[in-house]
Protein chains: 2
Amino acid sequence: MMMNVQLTIPTMMERAEKFFPKKQVISRYSNGIKRFTYKEIGKRTRQLANVLENLGVKKGEAVGTLAWNHHRHLEAYFAIPGISALLHTINIRLDPQQIAYIINHAKDKVLLVDDCFLPILDAIKYHIPTVEAIIVMTDEESVPATTLTNVYEYEALLKTGSETYLFSTDINENDPAGLCYTSATTGNPKGVVYTHRSIYLHSMALGLADTCAVSEQDIAMPIVPMFHVNAWGFPFACTWFGTNVVMPGPFFTPKILAELIESEKVTIAAGVPTIWMGVLKEMEEREYDFSNVRSFISGGSAAPRGIIEKYEKKFGVPFVQAYGMTETSPLVMASVLKSNQQALPDDERYEYKAKQGMIIPGVDMKVIGVEGEVKWDGKEMGELLLRGPWIASEYLNDERTTDAFHDGWLHTGDVVTVDEEGFVKIVDRTKDLIKSGGEWISSVDLENALMAHEGIFEASVIAVPHEKWQERPVACVVLKDAYKDQVTKEEVLAFLAPQFAKWWLPDDVLFMEEIPKTSVGKFLKRKLREQVLEQYQSNL
Amino acid sequence: MMMNVQLTIPTMMERAEKFFPKKQVISRYSNGIKRFTYKEIGKRTRQLANVLENLGVKKGEAVGTLAWNHHRHLEAYFAIPGISALLHTINIRLDPQQIAYIINHAKDKVLLVDDCFLPILDAIKYHIPTVEAIIVMTDEESVPATTLTNVYEYEALLKTGSETYLFSTDINENDPAGLCYTSATTGNPKGVVYTHRSIYLHSMALGLADTCAVSEQDIAMPIVPMFHVNAWGFPFACTWFGTNVVMPGPFFTPKILAELIESEKVTIAAGVPTIWMGVLKEMEEREYDFSNVRSFISGGSAAPRGIIEKYEKKFGVPFVQAYGMTETSPLVMASVLKSNQQALPDDERYEYKAKQGMIIPGVDMKVIGVEGEVKWDGKEMGELLLRGPWIASEYLNDERTTDAFHDGWLHTGDVVTVDEEGFVKIVDRTKDLIKSGGEWISSVDLENALMAHEGIFEASVIAVPHEKWQERPVACVVLKDAYKDQVTKEEVLAFLAPQFAKWWLPDDVLFMEEIPKTSVGKFLKRKLREQVLEQYQSNL
């Protein structure tokens, strides 16, 4: 039979050291750029692994990181799983109470933290009793003043570790390797544990010609934060494949990103749509040479079709959407066109490219609508269910597991359509769907239509309870300043009418000053719904 | 943690049916070409699986195939593992006694056989008692006359199976899925068992951008026989990725291959060097449009540098060497140049391209010479050791297992050098190495040098025992007709002298009429050595 060789993360770094010792990690910091070879990164990673072991980190224990995308964070990505501990990447945008919650929930024993994020730890220092040591990463001469105790400086500490330290060989591929918390609509964040196997297979998937085709030939820039689902797996895949990596570092702007892409001859970069909108604006204002770019990967939320077309048609930069979530490692879909779709007229091609795309090898999907599996007609809506070796089976020690994981599938909570080609389009979240008389109305579709109105700045559509139809849609609209008090409810409804079935049209249009948002800028529909219901009740 | 989803072969066919129902398998037969969609192939595969189950094939039992590359063989590739049985591909070029041996050794319960290979079974029918049914695959009206019993016709039998038969879900990824025997220098062939996991991971590796980058965009032609290490895994990978596959069918010639490549717009094809030499000759004689080809993959033995250069420079056809063996699934190396190598002058680039290449992700290597691990200087020789999830750990029920598998590594028996880039070059087989006074002399290096002499048609260098030096090289040379009796031993040695250290030069040069060869055209050095030793002894 075949060798029982485990699929583990240390083998990926070992390959970079062995076959790509001269390839580079290019790490931007506030005052410039540092360049390291994989040979150097390998040695530093081994030193860090040794240091963590000396600090008493044991197999299965968690080490947290609060950090931007830089070379030291990459070292942590391999050193922590390299001693069979858990790489716990902490989202620095959570509020301090939530950060304290997840540090406690994960039982982080050591934290690696960028100097700029020390104030976060200062604020919660009395609430994180499991933490025994804090390692500060800085490019300055010294660590900033802090009231924290057991604080070490990364570079000084590294010198105490051995460059030839051997990674753990006592790793089963199903051992935990990583941990990432995802925000919940209500309550505390939920933890997802990645295994060596899931990260290994997911990295392999990133290298497939039909997904992102990450290659040694690339110069890759993960703009998506390393505290966001492992920067979508790029740090792992790039190291394994010997790809030059450009780490954009702290507090970057669209201008900084555009300059890096040009100067470092980046071929592939990954980020959320807001990043790409910013870079696009930058490109429209100044001239950049992006001729080396072969793919900008966009994920996290849907990129508007207009952006995709502008990148490709105006600037000749290939733009690919990808879909995934914390629970899915994340990559499960990419809007890479099949050969027959490539041959279509532009309009149809961009129709497909604006979708989330097709399930990649290794993952399986099922879409369940009101009456079982939906027809693949691009119209019938259902919830997306996923299954595969890099899909989570639970939340870490969390009662909410059963909501999302049952019958062997992850219930994503995303409402989608599937077309004849198997391309998936997200139309809504199940919780934001409006269930009207046994039919589903997509709030997102209505919102997109509303936002195409010249006077509307932003719009959100929510469900309000209805005696006969269970639920009915109500539109909440913020007008652009120049249009304030110039647009009526009737005009808005008349604008929507030609685009939708009559029963889809909102029962009401409410004009507002602003729409409540989450910390990452998404509409906070729960809050909005409360506001609207209050308003309705007070009107009774 | 992550879902416990098994990496199994049926999921690959299911993906083709679901997402690529219109993509095609293009199957050449003696009188033309048949085209099937993956939707049709999927239904037929399910029918075949059902049929095999009805014939009594149980989990873990072997089903043998004696067949060319065609759509039915592809169906067998998925139907047999689809009922968790073993796909045993039988090398039709073995002699009948060996075929009988492996059928018995594998305990094949059912055989699938091309009509043209029925005479082989006729010859051994009394010696294969485990076989309960023979399914004949033919494109003719009826099965040829045969004295065999329990013979069924494939298409007629298929009609008795259900198109909606469900593949087994009771498969652990470590269950056996395939079986292939490899010839041994002495004794019977040795069996290698592939698992669902090894085939799945190997297929994924074929899709990596840095290896073969098999993609949905491709039109792939596996010329390498499907009885040769699963046609290097192409049938599995292509189906999984929804790639159009061109099956070259029976008794093809270089002309037939060239015409297929042109007419079917093949983008990637895989075959042994002799195939590529034949196709090259064809290209030099007639004009073909190969503009769609993005890669010809060559493996099985080393392709001469001249061939590679001619393909690329004269015809603009990218040519890539790959390395592997039955024990390695087979892909473990590919001569895909790294970015820094791409930028080199032609001469250096082809120096690298003529090597077997670099270890691909997932596999690890070690090269052990006279004094432990060799230097990566492109000179020091050592035996290539391999390790990885698609490398065998044993031969099936075979005492010879311990020769090749020990200390957790496969000892390939190939003697190689490794250069600074990590590129591996095979210089010899361990058994053909000449061990002279504690140093190694490569017979292959001497042979290549000899064959560059204008008067020499072919040459083989063997070791003869020596009192002082243990072994010394002797060259066996066949002169071209025009040079018969025109070249002396002294001339040959003088020709070699400037190219080698003095102690490498053969002690003797023997002129012969021919060099004994194996059934596949390789030098039969064992036989040659016996002949030479006999000659020496009779001269005493």
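Colleague: I'm new to this one. Which is Cys238(B), buried or exposed?
Modeller: This is a predicted model, where local features need pLDDT of at least 70, side-chain atom pairs count only at pLDDT 80 or more, totals for chains, interfaces and linings use all residues, and side-chain values use heavy atoms, without hydrogens and water. Residues are numbered from 1 along each chain as its sequence is written, with chains lettered from A and ligands numbered from 1 in written order. Cys238(B) has 0% relative accessibility, so with the cut-offs (under 20% buried, over 50% exposed, partly exposed in between; 1.4 Å probe, protein chains only) Cys238(B) is buried.

Colleague: And which cysteine sulfur is closest to that of Cys238(B)?
Modeller: The gap is 9.8 Å, too far for a bond, since a disulfide takes two cysteine sulfur atoms within 2.5 Å. The closest sulfur belongs to Cys212(B).

Colleague: How far is the sulfur of Cys180(B) from the closest cysteine sulfur?
Modeller: Cys180(B) is buried too, at 2% relative accessible area. Its closest cysteine sulfur sits in Cys212(B), too far for a bond, at 18 Å.

Colleague: So how many disulfides turn up over all chains?
Modeller: A disulfide is a covalent bond between the sulfur atoms of two cysteines. Searching the whole structure, the count over all chains is 0.

Colleague: On to the helices: how are H2(B) and H3(B) oriented to each other?
Modeller: H2 spans residues 38-54 of chain B and H3 residues 71-82. Their axes come within 8 Å and cross at roughly 60 degrees. That's neither roughly parallel (under 35 degrees), roughly antiparallel (over 145) nor roughly perpendicular (65 to 115), so the pair is oblique.

Note on methods
Axes are lines fitted to C-alpha atoms, for helices over the stretch in contact, and angles run from 0 to 180 degrees between N-to-C directions. Helices (H or I, at least four residues) and strands (E, at least two) are DSSP runs, numbered from the N terminus.
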